[in-house]
Amino acid sequence: QYAPFFCVIPFVSGQRKMILWMLGALCAVLVVSCLLIGWQAIFNYIPLLFSSDTVAINFDRPYMKMISFRGIFATYYSPTVGIFVGLFSTCAALALIAITWLKVGQDAVSKRWAFTITILAALLGSLHTYLYDSLLVAVCAALTMEEMSLSKACSEVDLYRKLWFVMLFFYPALTCIVLFLGSDQVRSLSLFCLHFILLLLAILNFRQIMSNR
């Protein structure tokens, strides 16, 4: 479900070789998936993904466990509203990723923050994001943090970078508290809010890096 978000990068950057590699990797994943779970399951995945009535039944993972825009609105309003908001958030996430990579520079730092924005936008904008997808936040930490040090995080002069590092440092503890306390709705909403705040901080940090160039 994250392929469309990451495919934006080579198209915007104009890297034709990367486009071919990504298409080849996607085809390989589809072939392996078909061998493991069958062609029928693959072809039925997309209709089920967009269905507001059958997702919970067929996957045994109700939308109240989703941590994306779709899951939150489906839980607190209705599955139909969740689908429409989810589709809008998917388009908004794709637009954000495209704009980010159009502005990215040639330096490694700006590219790392652009990848971080891509990951967080994909988590929030995907139609099929669950609790275990939060592991992708570890990639964001690896891209932006040199070391997991609270003292170094607090010593940052820039406010946005300090908030980003402090939130990532306490993210494992916060997620453990969220996972072991409360209902599915509370867990999903809490993780959604955490990821949304992280996305905002990543955007602010990226903008500041680009403005200082």
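# A guided tour of an all-helix model

The accessible surface of the protein comes to about 11900 Å², and 71% of that area belongs to carbon and sulfur atoms; such areas come from the Shrake-Rupley method with a 1.4 Å probe, and for residues only the protein chains shown count as cover. The model is a predicted one, in which local features need pLDDT of at least 70 and side-chain atom pairs count only at pLDDT 80 or more, while totals for chains, interfaces and linings use all residues. Residues are numbered from 1 along each chain as its sequence is written, and side-chain values use heavy atoms, with hydrogens and water left out.

**The whole chain**

Begin with a cartoon view of the protein, where the secondary structure comes to 11 helices and zero strands; helices (H or I, at least four residues) and strands (E, at least two) are DSSP runs, numbered from the N terminus. Of the 213 residues in the protein, 39% are buried, where buried means under 20% relative accessible area, exposed means over 50%, and partly exposed is in between (1.4 Å probe, protein chains only). Among the contacts with a separation of 6 or more, 67% are between residues 24 or more positions apart, a contact being heavy atoms within 4.5 Å.

**Helix α1**

Select residues 3–13, which form helix α1, and colour F5, C7, V8, I9 and P10, which are buried. The buried residues of this helix pack against α2 (16–37), α6 and α7. Just after α1, look for G14, which takes a positive phi of about 70°.

**Two stops between α4 and α5**

Go next to M64, which has its place in the loop between α4 and α5, and which counts as partly exposed because its relative accessibility is 26%. If residues up to four places away in sequence are not counted, M64 touches T75, D184, Q185 and S188. Show the C-alpha atoms of M64 and T75 as well: these residues are 11 residues apart along the chain, and the two atoms are separated by 5.1 Å.

Now select S68, which lies in the loop between α4 (55–59) and α5 (69–76). Is S68 buried or exposed? S68 counts as buried, because its relative accessibility is 0%. Leaving aside neighbours within four places in sequence, S68 is in contact with L123, L124, S126, T129 and F192.

**Aromatic rings**

A search of the whole structure finds eight aromatic pairs; rings of Phe, Tyr and Trp (its six-membered ring) pair if their centres lie within 6.5 Å, and planes under 30 degrees apart count as stacked, over 60 as edge-to-face and the rest as tilted. Show the side chains of F69 and F196, whose ring centres are 6.2 Å apart and whose planes stand at 85°, so this pair is edge-to-face. Because F69 lies in helix α5 and F196 in helix α11, the pair ties together parts that are 127 residues apart in sequence. F69 is partly exposed, with a relative accessible area of 22%, and F196 also counts as partly exposed, at 33% relative accessibility. Add F192 to the selection, since ring pairs link F69, F192 and F196 into a cluster.

**A residue in α6**

Select T100, found in helix α6 (residues 79–103). At 6% relative accessibility, T100 counts as buried, and, not counting residues up to four places away in sequence, T100 touches A114, I117 and F206.

**Helix α10**

For the last stop, select helix α10 (residues 159–180), which has 22 residues and reaches 31 Å from its first C-alpha to its last, close to the 32 Å expected at 1.5 Å a residue; the expected span is 1.5 Å times one less than the number of residues in the helix.

At the N-terminal end, D158 caps the helix, with a side-chain oxygen 3.2 Å from the backbone nitrogen of Y160. Where does the kink of about 50° lie in α10? The kink lies at Y171, shortly before the proline P172, and the bend at a residue is the angle between axes fitted to the seven residues ending there and the seven starting there.

Colour W164, F165, M167, L168, Y171, T175 and V178, which are buried in α10. The buried residues of α10 pack against α7 (108–125), α8 (137–144), α9 (150–154) and α11 (184–211). Just after α10, finish at G182, which takes a positive phi of about 90°.

Notes:
Polar contact = N/O pair within 3.5 Å; in protein donor to acceptor, adjacent residues only side chain to side chain.
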